Amino acid sequence: MGNILDDLKTMLEFYQALGIEGMHFGPPEPAVEVAVSGDRELLLSELRQEIGDCARCKLSGGRKNIVFGEGKPYAKIMFIGEGPGREEDIQGRPFVGEAGMLLTSLIEKKFEEIKIERSDVYIANIVKCRPPMNRDPEEDEIASCRGFIERQIEIIQPEVIVTLGRIAIQTLFDNPKLKITAVRGRFMEYKGIPVMPTFHPAYLLRNRADKWKTWADMQKVLELLSGHS
Ligand code: SF4
């Protein structure tokens with residue numbers, strides 16, 4: 001019964017955030033302060049320099065820009081997707097297309113209570129260059145690039161990681177058998193950091209009925225961070 005009530009509460013909160021008025025659930029504890037340090041900024045900048053005009057895999061041939069990642073060096077939350085799409089490739093920034101707008105909206109609605117906006121999190125991808133026709137990155141491409149996202153995690157040391165979609169969680173745990181439908185919504189652990197696997201926003205654009213599940217996953221992340229504040 002508890003789980004059903006929790007799911008119902010989550011769905012109501014989701015629809016409330018969409019602007020559909022309903023029950024109000026009391027505000028959780030405020031406020032997370034996000035510190036900024038030059039050291040992590042410098043380390044990220046050095047890593048970006050190390051990547052340089054990378055040609056370590058065949059994705060280099062078709063890209064317009066390397067999409068390194070962006071956000072606060074001291075972010076409490078790090079979002080990891082699989083790779084840049086068309087708009088990201090053009091702009092050189094992660095999650096700026098339609099799926100990016102959905103992710104931004106999700107972050108700003110869900111984490112408003114703890115004063116976290118998109119600019120307060122860190123967002124990056126497993127591969128830094130766009131796979132042609134938005135296909136999945138291939139094994140050799142992931143193998144060539146994965147060291148960079150691992151270093152970004154080491155530098156940023158987020159309190160929680162949210163992986164977006166199948167490729168990100170499979171890569172992080174080096175397990176191609178992980179199914180997103182089986183693992184989403186439950187915390188895993190990567191080098192001592194809690195990891196919440198959830199759906200990729202591009203999937204949610206095609207499957208809008210599943211949006212509330214990602215909303216529920218983010219609620220768990222919110223509760224984790226609120227417990228830390
Ligand atoms: S995807 Fe990664 S490894 Fe491949 S060229 Fe781009 S930056 Fe280099």
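Tutor: A contact here means heavy atoms within 4.5 Å. The model under discussion is predicted.

Student: Among the contacts in the chain with a separation of 6 or more, what percentage joins residues 24 or more positions apart?

Tutor: The chain has 229 residues, and its secondary structure comes to nine helices and six strands. Of the contacts with a separation of 6 or more, the part due to residues 24 or more positions apart is 72%.

Student: Over which residues is the pLDDT below 50?

Tutor: The chain averages a pLDDT of 89, and 83% of the residues score at least 70. One stretch has 30 contacts in the model beyond near neighbours in sequence, yet its pLDDT is below 50. Where pLDDT is low, the predicted coordinates should not be read in detail. The stretch in question is residues 21-37.

Student: Which element supplies the largest share of the largest nonpolar core?

Tutor: The largest nonpolar core has 37 residues, and those with the most contacts inside it are Met 78, Ile 80, Tyr 122, Ile 153 and Ile 161. At least two residues of this core come from each of α2 (38-51), β2 (77-81), β3 (122-125), α5, α6 (166-172), α7 (180-183) and β6 (193-198). The largest share, seven residues, is supplied by α5.

Student: How many residues has the other core, the one that includes Ile 107 and Phe 111?

Tutor: In the largest core, Ile 80 touches residues including Ile 149, Ile 153, Ile 161 and Leu 164, not counting residues up to four places away in sequence. Apart from that core lies another, with Ile 107, Phe 111, Met 196 and Met 218 among its members; its residues number 20.

Student: Is Ile 51 buried or exposed?

Tutor: Ile 51 lies in helix α2. Not counting residues up to four places away in sequence, Ile 51 touches Arg 56, Ile 66, Phe 68 and Phe 148. Its C-alpha atom is separated by 9.7 Å from that of Lys 128, 77 residues apart along the chain. Because the relative accessibility of Ile 51 is 3%, and the cut-off is under 20%, this residue counts as buried.

Student: What is the volume of the largest cavity?

Tutor: A search of the whole structure finds one cavity of 30 Å³ or more. The cavity is lined by 14 residues, of which Cys 54, Cys 57, Cys 129, Cys 145 and Phe 148 lie nearest its centre. Helix α5 (residues 139-156) gives the largest share of the lining, three residues, and by class the lining has nine nonpolar, two polar and three charged residues. The volume is about 100 Å³.

Student: Which element gives the largest share of the lining of the largest pocket?

Tutor: The largest pocket holds about 660 Å³ of space. Of the 28 residues that line this pocket, the closest to its centre are Glu 82, His 200, Ala 202, Tyr 203 and Arg 206, and the lining comprises 11 nonpolar, eight polar and nine charged residues. Two or more lining residues come from each of α3 (86-91), α4 (98-110), α6 and α8. The largest share, four residues, comes from α8.

Student: Is Asp 210 buried or exposed?

Tutor: Asp 210 is found in the loop between α8 (201-206) and α9 (211-228). Not counting residues up to four places away in sequence, Asp 210 touches Phe 199, Tyr 203 and Leu 204. Since buried means under 20% relative accessible area, the 14% of Asp 210 makes this residue buried.

Technical notes:
Residues are numbered from 1 along each chain as its sequence is written. This is a predicted model: local features need pLDDT of at least 70, side-chain atom pairs count only at pLDDT 80 or more; totals for chains, interfaces and linings use all residues. Side-chain values use heavy atoms; hydrogens and water are left out. Buried means under 20% relative accessible area, exposed over 50%, partly exposed in between (1.4 Å probe, protein chains only). On a 1 Å grid over the protein atoms alone, a cavity is a set of points where a 1.4 Å probe fits but cannot get out, and a pocket is an open set with protein on both sides within 12 Å along at least five of seven lines; lining residues have an atom within 4 Å of a point. Grid points are joined across faces, edges and corners, and a volume is the space filled by probe spheres set on the points. Ala, Val, Leu, Ile, Met, Phe, Trp, Tyr, Cys and Pro count as nonpolar, Asp, Glu, Lys and Arg as charged, and the others, Gly among them, as polar. A nonpolar core is a set of buried Ala, Val, Leu, Ile, Met, Phe, Trp, Tyr and Cys residues joined through side-chain atoms within 4.5 Å. pLDDT is the predictor's confidence in each residue, from 0 to 100.
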